[in-house]
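Okay, thanks everyone for coming. Have a look at the screen while I bring up the model, and then I'll walk you through some of the spots I'd like us to look at together.

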Amino acid sequence: ESVTINNLNMNSSGGQTGACNLNHAAAVLSADQVYTLGLNINFDAVLDDANKNVIATPFSYTAPVSGYYALSLYLQLDSLSAQASIVGVPVGQLLINVNGAPLRQIQQSFIGSGLQYANLSCLVLLNAKDVVTMSYSVFTLDPVLGLVPYAGTVSLKGNGSFAGQSGFDISLLAPLVCAPAAPVAPVAPAL
């Protein structure tokens with residue numbers, strides 16, 4: 001048994017049915033990866049991509065239709081390293097770009113040298129053919145310039161699954177429907 005509500009197709013168990021379930025993609029890192037801060041994150045293990053909307057190198061997702069998408073990006077990382085010394089507490093920034101422009105971001109303190117977790121989940125409106133990419137940067141305090149991008153690397157954790165590792169997941173929740181709705185005739189109140 002299934003029901004359709006505003007073009008969001010769900011079965012009685014809460015799973016998507018029909019064409020909507022084809023508009024999903026998930027990718028992770030197959031192994032730990034040394035990542036240069038500020039560059040595109042290149043997930044190398046595509047777990048789901050029925051419509052072939054993922055481009056592997058450099059990694060990107062192209063929206064197949066205009067609509068509202070649930071997008072999640074998870075990073076597990078450690079080993080911040082570079083030549084420059086760090087003044088103060090560095091700030092990590094997880095960034096989701098659409099067509100090369102920032103769309104959503106989150107900043108959090110990068111404390112110590114142990115494991116760090118950065119997560120960003122959001123609802124976004126994408127147009128057909130919009131291209132989604134992701135990056136991670138670290139900012140440090142410069143006594144003259146304030147917060148500046150830190151040139152260095154981190155180790156992104158990966159093992160081919162989402163289990164506490166780095167990954168990307170996107171699903172179309174509701175496509176945009178441009179056809180006007182049929183007019184509704186007014187109903188006289190009952191006396």
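Let's start with K52, which sits in the loop between β5 (45-49) and β6. This is a predicted model, by the way, so keep that in mind throughout. What caught my eye at K52 is the backbone: phi is positive, about 60 degrees, and K52 is not a glycine. Most residues other than glycine have a negative phi. As for the side of things facing solvent, K52 has 68% relative accessibility, so K52 counts as exposed.

There's another lysine like that. K129 has a positive phi of about 80 degrees, again without being a glycine. You'll find K129 in the loop between β11 (116-126) and β12. With 62% relative accessibility, K129 counts as exposed.

While we're on the backbone: which two residues does a cis peptide bond join? That would be T57 and P58, with omega at about -10 degrees. Most peptide bonds are trans, as you know. P58 belongs to the loop between β6 (54-55) and β7 (60-62).

Okay, zooming out. How many helices and how many strands are there? Zero helices and 15 strands. The chain has 191 residues, and 38% of them count as buried. If you take the contacts with a separation of 6 or more, 70% of them come from residues 24 or more positions apart. The chain exposes about 10300 Å², and carbon and sulfur atoms supply 59% of that.

For a bit of strand pairing, go to β12 (residues 131-142) and β13 (residues 146-149). They pair in the antiparallel sense, over four bridges. The connection is a hairpin through three residues. If you want a landmark there, T140 stands opposite V148 in β13.

Now β9, residues 91-98, where I'd like to show you two residues. One is G92. G92 has 1% relative accessibility, so G92 counts as buried. Leaving out residues up to four places away in sequence, G92 touches I106, Q107, Q108, F110, Y136, S137 and V138. And if you like a distance, the C-alpha atoms of G92 and I111 are separated by 9.4 Å, with those positions 19 residues apart along the chain.

The other one is N97, also found in strand β9. N97 counts as buried because its relative accessibility is 10%. Setting aside neighbours within four places in sequence, N97 contacts P102, L103, V131, V132, T133 and S135.

On to charges. How many salt bridges does a search of the whole structure find? Two. In one of them, the side chains of D32 and K157 meet at 3.2 Å, N to O. That pair links distant parts of the chain: D32 is in the loop between β3 (24-28) and β4 (33-36), K157 is in the loop between β14 and β15, and they are 125 residues apart. Is D32 buried or partly exposed? At 45% relative accessibility, D32 counts as partly exposed. K157, on the other hand, has a relative accessible area of 14%, so K157 is buried.

K157 also meets D78, again side chain to side chain, in a salt bridge of 3.3 Å, N to O. This pair links distant parts of the chain too, with D78 in strand β8 and K157 in the loop between β14 and β15, 79 residues apart. Both D78 and K157 are buried. Put those bridges together and D32, D78 and K157 join into one network through shared partners.

Last topic, the aromatics. The structure holds five aromatic pairs. Take Y61 and Y69: the ring centres are 6.5 Å apart and the planes sit at 70 degrees, so the pair is edge-to-face. Y61 and Y69 are both buried. Then there's Y74 with F162, where the centres are 5.6 Å apart and the planes are at 80 degrees, so that pair is edge-to-face. Here, too, distant parts of the chain are linked: Y74 is in strand β8 (residues 67-81), F162 is in the loop between β14 (153-156) and β15 (167-175), and they are 88 residues apart. Y74 has 28% relative accessibility, so Y74 counts as partly exposed. F162 has 30%, so F162 counts as partly exposed.

And one more to rotate to: F43, F59, Y61, Y69 and F168 form one aromatic cluster. That's my tour, thanks.

Terms used. Residues are numbered from 1 along each chain as its sequence is written. Side-chain values use heavy atoms; hydrogens and water are left out. Two strands pair if DSSP finds at least two bridges between them. Rings of Phe, Tyr and Trp (its six-membered ring) pair if their centres lie within 6.5 Å; planes under 30 degrees apart count as stacked, over 60 as edge-to-face and the rest as tilted. Buried means under 20% relative accessible area, exposed over 50%, partly exposed in between (1.4 Å probe, protein chains only). Contact means heavy atoms within 4.5 Å. Accessible areas come from the Shrake-Rupley method with a 1.4 Å probe; for residues, only the protein chains shown count as cover. A salt bridge is a side-chain nitrogen of Lys or Arg within 4 Å of a carboxyl oxygen of Asp or Glu.
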